[in-house]
Amino acid sequence: MTDKKIIAVTGATGAQGGGLVRAIRADRSGPFTARAITRDPTSAKAQALAALGAEVVQADVDDAASLRRAFAGAHGAYCVTFFWAHMKPEQELAEARNLAQAAQQAKVAHVIWSTLEDTRTLVPLSDDRMPTLGGKYKVPHFDAKGEADGIFAEVGVPTTCLVTSFYWDNFIHFGMGPKKGPDGTLAITLPMGDARLAGIAAEDIGKCAYGVFQKGKDLIGKTVGIAGEHLTGAQMAAGFAQALGQPVRYNAITPEAYRGFGFPGADDLGNMFQVDRDFEKQMCDARSLDVSRALNPELETFAQWLERNKGRIPLG
Ligand SMILES: NC(=O)c1ccc[n+]([C@@H]2O[C@H](COP(=O)([O-])OP(=O)(O)OC[C@H]3O[C@@H](n4cnc5c(N)ncnc54)[C@H](OP(=O)(O)O)[C@@H]3O)[C@@H](O)[C@H]2O)c1
């Protein structure tokens, strides 16, 4: 038996939850122990977490009863939903309600809800600078999360809303890495104009979340935004050029052009970047670098993230 407090972590085999499980396990003398939640405890990723010393339990965010079992006895719960697994904001809202209710029934003392802005507070549906998607969203994968902040409040669980940022890891996993143009020069393509984008090493989200659990009740009922740096497209291109040792340009395109790329979710991401561009100050101010570093002293800069990952970035 352990006298440590259990933190139940959804998405434990993924980017955010994985970072949190690793942060908890890295602090062996700390007050917490990790319960990694996965749909498949036998998977290689789940087994890797078990090898780190995490308890591994099965649950699915679409199955409320499984979440109640997974949260039972936990002091804390890290709650994240997986928009890109289904791309349905209504499903994300239902999953958030399952998470909040399971935490409430298990009497979890501190929930972290991984959220993003409801962009409709910045760009009402009547604003035609960008299309309305799915009949009632501007940026579906943001809006449903922001709307779900209210679900955690309504259900009455002690919650910190953790506002995350664009993962620099999207340059590895999301097809956003530098690609060769007609002249053979590498370029990153973003519809951000000269605006700064709040970005973060995905692994740092979990480390910041660990900091939130350590601060405990001081942050319950609060919204905390995190980022590693606020960088323009030109600054990110310069960072790539430095890390890769070859020229990398910033190819600034319009949000319309980005929406027209046609891959699933291109319209959602085009709208997202347009909000990031048009509301640069609000989006960056909502993600304080000082607060992030206070929560996670190991917070990486883009240059540090590039140095660690440059060998993994596919160069098209
Ligand atoms: N990419 C970005 O820049 C960015 C920035 C901010 C926020 N986000 C948000 O981050 C969220 C995803 O978090 P992430 O990147 O940490 O996820 P991820 O790396 O894609 O991993 C998610 C993990 O969640 C598990 N999972 C998937 N569906 C599940 C379900 N129905 N029930 C329980 N577990 C499930 C999977 O594990 P098992 O297979 O082991 O169950 C998977 O390993 C999305 O909602 C996205 O909008 C992304």
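## Figure legends: close-up views of a predicted model

**View 1. The whole chain: 14 helices and 13 strands make up the protein.** The model is predicted. Along the principal axes, the C-alpha atoms of the protein fill a box of roughly 60 × 45 × 35 Å. The radius of gyration is 19 Å, which agrees with the value near 20 Å for a compact globule of 316 residues. How many of the 316 residues count as buried? The share is 54%.

**View 2. An open sheet of 7 strands with parallel pairing.** The strand order reads β3-β2-β1-β4-β5-β6-β11. At the edges lie β3 (55-58) and β11 (223-225), and each of these pairs on one side only. From one strand to the next, the twist averages 20°.

**View 3. Strands β5 and β6, paired within the 7-strand sheet.** Strand β5 covers residues 110-115, and strand β6 covers residues 159-163. The two pair in the parallel sense over 5 bridges. Which residue in β6 is the bridge partner of Trp113? That partner is Cys161.

**View 4. An open sheet of 3 strands with mixed pairing.** Here the order is β8-β9-β13. The edge strands are β8 (179-180) and β13 (248-252). Each edge strand pairs on one side only.

**View 5. Strands β9 and β13, joined by 5 bridges.** Strand β9 spans residues 186-190. Strands β9 and β13 run parallel. Which residue in β13 stands opposite Ala187? Arg249 does.

**View 6. A nonpolar patch on the surface, formed by Trp84, Met87 and Phe174.** Together the three residues have about 250 Å² of accessible area. Where does Met87 lie? Met87 sits in the loop between α4 (83-86) and α5 (89-105). Why does Met87 count as partly exposed? Its relative accessibility is 33%, and partly exposed means between 20% and 50%, so Met87 falls in that class. The same 33% is over the 30% that a patch residue needs.

Technical notes. Residues are numbered from 1 along each chain as its sequence is written. This is a predicted model: local features need pLDDT of at least 70, side-chain atom pairs count only at pLDDT 80 or more; totals for chains, interfaces and linings use all residues. Side-chain values use heavy atoms; hydrogens and water are left out. Patches are made of residues with over 30% relative accessible area and no salt bridge: like charges are joined within 9 Å, nonpolar side chains (Val, Leu, Ile, Met, Phe, Trp, Tyr) within 5 Å. Accessible areas come from the Shrake-Rupley method with a 1.4 Å probe; for residues, only the protein chains shown count as cover. A salt bridge is a side-chain nitrogen of Lys or Arg within 4 Å of a carboxyl oxygen of Asp or Glu. Helices (H or I, at least four residues) and strands (E, at least two) are DSSP runs, numbered from the N terminus. Buried means under 20% relative accessible area, exposed over 50%, partly exposed in between (1.4 Å probe, protein chains only). Two strands pair if DSSP finds at least two bridges between them. Axes are lines fitted to C-alpha atoms, for helices over the stretch in contact, and angles run from 0 to 180 degrees between N-to-C directions. The radius of gyration is taken over C-alpha atoms; the globule rule is 2.2 Å times the number of residues to the power 0.38.
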